Amino acid sequence: MLWKEFIQDPGKTGAIAQSSPRLARYIAQQAHLRDKRAVVEFGPGTSVVTREILRHLRPGATFFALETNPRLVDLTRRNCPGATVYRASAEEIGHHLQLHGRDSCDCIISSLPWANFPRGLQDRILEASYQALQPGGLLLSFSYWQGRVLPGGQYFRQRLGHYFNHVERSRTVWRNLPPDFPYQAYKYGPATSPLSPKFASSLKLLICSIKSFVYSLRPLSWA
Ligand SMILES: C[S@@+](CC[C@H](N)C(=O)[O-])C[C@H]1O[C@@H](n2cnc3c(N)ncnc32)[C@H](O)[C@@H]1O
């Protein structure tokens with residue numbers, strides 16, 4: 001199915017074969033979906049990854065997908081009746097979050113063919129993703145191997161680092177055509193605590209202040 005779309009529009013489709021089930025499982029594991037309250041997928045294509053997201057999503061979590069190709073929108077809706085799929089570009093994530101009564105999400109899973117996109121579109125989608133993610137939120141993007149050498153892929157890697165201050169590259173998934181390697185980009189670094197990063201840093205500051213206050217009393221009471 002995807003190869004037919006690739007022949008019609010290689011730039012936007014970006015792959016001749018759908019993601020392998022192994023890659024889809026790996027993506028869902030890397031995203032730690034059980035901890036997420038709002039998840040958005042960019043470019044579900046044939047819905048292999050969508051199905052895996054739905055399998056791992058916690059009950060009651062918000063989820064929707066944004067896909068520009070109308071045939072692939074229909075296919076994903078048919079394959080995953082439990083998913084909300086909009087025919088829209090990834091740039092419009094903010095507007096669609098609002099339709100769900102939210103102004104942010106904590107995870108974006110993308111299989112967009114970044115390396116094929118013009119620079120302006122890459123920047124608009126990265127900017128919209130950054131704005132849409134809450135602090136500690138994760139953009140998990142998988143890119144095909146050839147994307148590393150294309151100028152568009154190199155530009156994407158550089159811009160990812162510009163927008164997100166903590167970027168990790170996971171191991172290559174060889175059982176995919178072509179082999180794939182996911183990037184994990186966090187807004188302000190991975191969330192390590194269930195507290196919001198702002199609250200956690202205020203708490204740390206408070207504990208430090210109490211410690212230094214207690215320490216300053218020591219010579220008086222223990223002398
Ligand atoms: C590499 S394919 C996805 C493959 C998918 N993981 C699968 O297994 O079928 C990339 C997808 O991104 C979609 N796409 C391209 N530009 C987009 C955009 N600006 N916003 C949302 N989706 C887009 C394409 O139509 C295509 O379905």
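Select Ser47 to begin, and you will find this residue in the loop between S1 and H4 of what is a predicted model. Ser47 has a positive phi of about 80°, although this residue is not a glycine. Is Ser47 buried or exposed? Ser47 counts as buried because it has 25 C-beta neighbours inside 10 Å, and a residue needs 20 or more to be called buried.

For a second residue with a positive phi, go to His32, which has its place in the loop between helix H3 (21-30) and S1. Phi of His32 is near 50°, again a positive value in a residue other than glycine. His32 has 15 other C-beta atoms within 10 Å, and therefore it is partly exposed.

Now colour strand S1, residues 38-42, where 5 of the 5 residues are buried, so that the strand is mostly covered. If you show the side chains, Ala38, Val40 and Phe42 point one way from S1, while Val39 and Glu41 point the other way, and all of them are buried.

Next, add the strands that pair with S1. Strand S2 (62-67) runs parallel to S1 and is joined to it by 5 bridges, and within this pairing the partner of Val39 is Phe63 in S2. Strand S4 (residues 105-110) also runs parallel to S1, with 4 bridges between the two, and here Val40 has Ile108 of S4 as its bridge partner. Which residues of S4 are buried? The count is 6 of the 6, so S4 is largely enclosed by the rest of the structure.

Keep S1 and S2 on screen and add helix H4 (48-56), since S1, H4 and S2 together make a right-handed β-α-β unit.

The ligand is the next stop. Of the 23 residues around the ligand, Ser19, Gly43, Gly45, Thr46 and Ser111 come nearest. Helix H2 (10-13), H4 and S2 each supply at least two residues of the shell around the ligand. Sorted by class, this shell has 10 nonpolar, 11 polar and 2 charged residues.

From the ligand, turn to the largest nonpolar core, which has 42 residues, and select Ile27, Val39 and Ile109, the members that touch the most other members. Among the elements that each supply at least two residues of this core are H3, S1, H4, S2 and S4, together with helix H7 (119-132), strand S5 (133-144) and strand S7 (180-186). In soluble globular proteins, nonpolar side chains tend to be buried together. To look more carefully at one member, centre the view on Ile27, which touches Val49, Glu52, Ile109, Leu140, Phe142 and Pro182 when residues up to four places away in sequence are not counted.

Finally, show the whole protein again, with its 9 helices and 7 strands. Of its 223 residues, 35% count as buried. Among contacts between residues at least 6 apart in sequence, 70% join residues that are at least 24 apart. As you look back over the view, Val39 is worth selecting once more, as a buried residue of S1 that has Phe63 in S2 as its bridge partner and is one of the residues touching the most other members of the largest nonpolar core.

Conventions:
Residues numbered from 1 in each chain as written. Buried ≥ 20, exposed ≤ 12 C-beta atoms within 10 Å, placed from the backbone. Pairing = 2+ DSSP bridges. Near = placed C-beta within 6 Å. Nonpolar A, V, L, I, M, F, W, Y, C, P; charged D, E, K, R; others polar. Contact = placed C-beta atoms within 7 Å. Right-handed = clockwise from strand over helix to strand, strands pointing away. Core = buried A, V, L, I, M, F, W, Y, C linked by C-beta atoms within 7 Å.
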